[in-house]
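Biologist: I would like to learn how to read a structural model feature by feature. Could you take me through one, giving the idea before the case?

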Amino acid sequence: MNMTRFNRVCGHPRALYHSRNVGGEDSMEGEWPWQASLLWHNKHLCGASLIAHQWVVTAAHCFQRGMNTSNYMVVLGASRLANGQPHRLSLGIRHIINHPQYAGEASSGDIALVELERPIQYTDYILPICLPEASVRFPAGMKCWVTGWGNIREGEDLPHPQTLQKLQVPIIDQNTCKQLYSTAWGSSSQLKAIQDDMMCAGYADGMKDTCKGDSGGPLVCKVSLEWLLAGIISWGKGCGIRNRPGVYSRLTSYRDWIHQHIPEVEFVPAEKGGT
């Protein structure tokens, strides 16, 4: 029987109320049940998103400290990092797959698949995010959300108890973003190009943005009935700086690569007549 959009598990938080961040606000428990924390030596390093029973997706640059799986862990079901919570699950990592195109900061291919040590059961607080088919478009101006436990501003950690932050950001047109990033910033050697597998979201005037520690986490957009993973927090220039909006790895660019490594993962097509 084909899974219909009405009984998909992914992209549907079960919490009753569902209604790197600078200028964000606290999330509620169970609001973003796919949000994961990637720990390095038991310290929060990056965000990640649950996409299947045994897999999370994050940014390739989160593994620049090395690929030794024993140094990393993944935490699921937590809204506050500092407090023990009954829904929280900590898991070791079996395998890290960095995208072969990744070649350092601001390069294409800033995406990594992480296989957990064992498959997990979904709960009201631990659920996967839907992945978009390659045909799905996220138009400029669409309001989406980023979530993370990153710095609240450059150089300033998220204060105890480190409650997951959420921030609404509009998608920025690709050409507009290329123009913003081509405006001079010190020496021209520091200019970084916006590639086709990247997308931008945020505000040209700065102030609200992702920041250090948010990397690898989700940019999610609600399309019709479910939340889709549009992008992975990748890079930017500083946090909340004018003309330097957040840059994200574009999920639809990696549809085939993800499917090749995780054949069971489902991709959600664009709905005809969807909003």
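What follows is a conversation about strands, aromatic pairs, loops and enclosed spaces.

Modeller: Please keep in mind from the start that this is a predicted model.

Biologist: Let us begin with strands, then: which strands are joined to β14 by bridges, and how do they run?

Modeller: The general idea is to follow the bridges from one strand to another. Here strand β11, residues 198-201, is joined to β14 by four bridges and runs antiparallel to β14, and strand β13, residues 226-235, is likewise joined to β14 by four bridges in an antiparallel arrangement. Tyrosine 248 is a helpful residue to look at in β14, since methionine 199 has tyrosine 248 as its bridge partner, while isoleucine 233 stands opposite tyrosine 248 as well.

Biologist: Is strand β14 mostly covered or mostly open?

Modeller: Strand β14, which spans residues 246-250, is mostly covered, with four of its five residues buried.

Biologist: How should I read the aromatic side chains, and how many aromatic pairs does the structure hold?

Modeller: One looks at the distance between ring centres and at the angle between the ring planes. The structure holds five aromatic pairs, one of them being the tilted pair of tryptophan 32 and tryptophan 145, with 5.9 Å from centre to centre and 40 degrees between the planes. This pair links distant parts of the chain, as tryptophan 32 lies in the loop between β1 and β2, tryptophan 145 lies in strand β9, and the two are 113 residues apart. Tryptophan 32 counts as buried because its relative accessible area is 5%, and tryptophan 145 counts as buried because its value is 17%, the cut-off being under 20%.

Biologist: What is the geometry of the pair formed by phenylalanine 63 and tyrosine 72?

Modeller: Phenylalanine 63 and tyrosine 72 form an edge-to-face pair, at 5.0 Å centre to centre and with 70 degrees between the planes. Phenylalanine 63 is buried at 4% relative accessibility, and tyrosine 72 is buried at 2%. Aromatic residues can also be read as a group, and in this model Trp32, Trp34, Trp145 and Trp227 form one aromatic cluster.

Biologist: Turning to loops, is glutamine 54 buried or exposed?

Modeller: With a loop residue, it helps to read its position, its accessibility and its contacts together. Glutamine 54 sits in the loop between β3 and β4, and it is buried because its relative accessible area is 15%, which is under the 20% cut-off. Leaving aside neighbours within four places in sequence, glutamine 54 is in contact with Arg94, Val114, Glu115, Leu116, Glu117, Arg118 and Pro119.

Biologist: And what are the accessibility and the contacts of alanine 193?

Modeller: Alanine 193, in the loop between α1 and β11, is partly exposed, with a relative accessible area of 46%. Leaving aside neighbours within four places in sequence, alanine 193 is in contact with Met198 and Trp235. The C-alpha atoms of alanine 193 and serine 107 are separated by 8.6 Å, although these residues are 86 apart along the chain.

Biologist: Finally, what volume does the largest cavity have, and what lines it?

Modeller: For a space, one reads the volume first and the lining afterwards. The largest cavity has a volume of about 90 Å³, and its lining includes Trp32, Tyr125 and Leu164; the lining residues divide into six nonpolar, four polar and two charged. The second largest pocket holds about 270 Å³ of space and is lined by 15 residues, with Ile51, Tyr122, Pro128, Glu264 and Glu266 nearest its centre. The lining of that pocket divides into eleven nonpolar, two polar and two charged residues.

Notes: Residues are numbered from 1 along each chain as its sequence is written. This is a predicted model: local features need pLDDT of at least 70, side-chain atom pairs count only at pLDDT 80 or more; totals for chains, interfaces and linings use all residues. Side-chain values use heavy atoms; hydrogens and water are left out. Buried means under 20% relative accessible area, exposed over 50%, partly exposed in between (1.4 Å probe, protein chains only). Two strands pair if DSSP finds at least two bridges between them. On a 1 Å grid over the protein atoms alone, a cavity is a set of points where a 1.4 Å probe fits but cannot get out, and a pocket is an open set with protein on both sides within 12 Å along at least five of seven lines; lining residues have an atom within 4 Å of a point. Grid points are joined across faces, edges and corners, and a volume is the space filled by probe spheres set on the points. Ala, Val, Leu, Ile, Met, Phe, Trp, Tyr, Cys and Pro count as nonpolar, Asp, Glu, Lys and Arg as charged, and the others, Gly among them, as polar. Contact means heavy atoms within 4.5 Å. Rings of Phe, Tyr and Trp (its six-membered ring) pair if their centres lie within 6.5 Å; planes under 30 degrees apart count as stacked, over 60 as edge-to-face and the rest as tilted.
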